[in-house]
Every structure is written in C-alpha cells, then in structure tokens.
Amino acid sequence: KKIKMEWVTKLCNETKQVWEQNGKYPKGGYAIFYSLPKINPTIALIGYNPGGNEEDFDEQNCTTPPTENEYLTANTKYPMAEKVRKIFDAGDLKWALADCVKFNLYFFRTKEAKDFNNKEMKEFCERKVEEILDEIKPKYIITEGFITYERLKELLNAKEERIIKEDINNRNIIKIGKTNKNISLIGMTHPSRTRRKGIGSINRMLTNIGLELKQIIK
C-alpha cells in the first residue's frame, strides 16, 4: 500500500527547516529514507544516523525518496548495506529485506555517531520517528545496534522479553522487546567490522544473527 507523498514531503521540509535554523549544522546535512516509504512493511529497519560528510549530502534525494531499497542495490562502497544483506541472506530473509522501510533514528549526518549531540535536533528526530512508525505500521522494528534499540525501547515504552547470545563467546547478538502497540522490537548487535577482529569472525557473527532472525520473522 502506497503512502501519501504529501506526508513525506512535509517531513522532508520540516527536517530541512530544523537544519537551516541550526546554521546548517551538521555540515553533512541530512537523509531520511533509504527505501520507498510504504504502509504495513514487514520491517522498519532503523540505524542510528547517516554516516559520511557533506559530499554525501543529496538534498534532492531527501525531497524525493528512493524508489528502490538502497540496501539491495548498494555496492561494496556501502559496507553497512553489504553486512545487513549478509545477515538477511543467511536467514533466507531477502524477501523481508525487500519489504522494509529503512531510515535512521536521527536524520542528521555526521562521520561519527558521537559527533551528533544537539539535544533539540535529537528530540525533533525522535518525535518524527514515532510519527513515521505510526504512519507506516510495520510488523517488526529492527535496529542496527543496541544503542538505537535501547533508545527506541524507551521512546516506545517497550518491554524487553529476551536476549539471544552467541554460543561461541556468549556475547549478546539479539535483544527482543514488545512496544506499547504490540510490535516486535528487535535489536541486533551492530554489524560494523570495527567491533570484531578478523573477517571470519565477522561473517560468523552476521550468519548467526541471520539464523536467529529466521526463527523470529514470519
């Protein structure tokens, strides 16, 4: 089911206004959707904030959301997309990734997540993310990283139900909660290479996350 594009345009215009009111901070600009927004997707896939710098800012892409899911079309220059694809491929869940709406908890772009720390701008994004979720009504919410999961858990008054650990090293790889609107909130450990030593270790982790998601997503 298609979403009303007037609503998307309004969200983009409000985001642009907040960015300009703050002196066009951060310099990297902003980005909202990485796939076409739609009603009742299988997954709302939510990261922390857009990475990169001002060279990656495409204002036109913000006012006109992509028609394709960038996580399915991105090349190796987009390592996060590559890793998330590996997770969903490992769980035979490419269909679910194809039926997702991808966006971030915070819309404003910084090279490092820690560099975005404007309280008012964060609160603006959090309000808008709640509006997006109310508008699109996903079956599952999946976060890239536990920091995003924990913040959404607070915002959506979610109750944590269980934690899944890796057998190999007993590290948490998935956290599962239920929002106040009875939507499954799933946090997966951040797929970033910097968290692991050795490509074999990373690929094993991505596979394990995918196999666990296969048991959850129907």
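**Close-up views of salt bridges and buried strands**

**View 1. A salt bridge between E59 and K16 in the predicted model.** The side chains of E59 and K16 come together in a salt bridge, with a distance of 2.9 Å from N to O. This pair links distant parts of the chain, since E59 belongs to helix α2 (residues 59-63) and K16 to helix α1 (residues 5-21), 43 residues apart. The structure shown here and in the views that follow is a predicted model. E59 counts as partly exposed because its relative accessibility is 29%, and K16, at 28% relative accessibility, likewise counts as partly exposed. Side chains of opposite charge can pair when their charged atoms come close.

**View 2. A salt bridge between R151 and E126.** Here the side chains of R151 and E126 meet at 2.8 Å, N to O. The pair again links distant parts of the chain, with R151 in helix α7 (residues 146-155) and E126 in helix α6 (residues 119-136), 25 residues apart. R151 has a relative accessibility of 27% and therefore counts as partly exposed, whereas E126, at 8% relative accessibility, counts as buried, the cut-off for that class being under 20%.

**View 3. A salt bridge between D134 and K181, and a network of charged residues.** A salt bridge joins the side chains of D134 and K181, with 2.6 Å from N to O. Because D134 lies in helix α6 and K181 in the loop between β5 (172-178) and β6, the pair ties together parts of the chain that are 47 residues apart in sequence. D134 is partly exposed, with a relative accessible area of 37%, while K181 is exposed, with a relative accessible area of 52%. Elsewhere, K10, E14, K128 and E131 are joined into one network by salt bridges that share partners. The count of salt bridges in the model comes to 15.

**View 4. Strand β3 and its two parallel neighbours, β1 and β6.** Strand β3 (residues 140-144) has five of its five residues buried, so it is largely enclosed by the rest of the structure. The cover extends to both faces of β3, with Y140, I142 and E144 buried on one side and I141 and T143 buried on the other. In a regular strand the side chains alternate between the two faces of the sheet. Strand β1 (residues 43-47) pairs with β3 in the parallel sense over four bridges, and within this pairing I43 stands opposite Y140, while I46 stands opposite T143. Strand β6 (residues 184-188) also pairs with β3 in the parallel sense, over five bridges, and in this case the residue of β6 that stands opposite Y140 is S184.

**View 5. Strand β1 and its parallel pairing with β2.** Five of the five residues of β1 are buried, so this strand is largely enclosed by the rest of the structure. Both of its faces are covered, with I43, L45 and G47 buried on one side and A44 and I46 buried on the other. Strand β2 (residues 100-104) runs parallel to β1 and is joined to it by five bridges, and in β2 the bridge partner of G47 is N104. Strand β1 therefore appears in this view as a largely enclosed element, paired in the parallel sense with β3 and running parallel to β2.

Note on methods: Residues are numbered from 1 along each chain as its sequence is written. This is a predicted model: local features need pLDDT of at least 70, side-chain atom pairs count only at pLDDT 80 or more; totals for chains, interfaces and linings use all residues. Side-chain values use heavy atoms; hydrogens and water are left out. Buried means under 20% relative accessible area, exposed over 50%, partly exposed in between (1.4 Å probe, protein chains only). Two strands pair if DSSP finds at least two bridges between them. A salt bridge is a side-chain nitrogen of Lys or Arg within 4 Å of a carboxyl oxygen of Asp or Glu.
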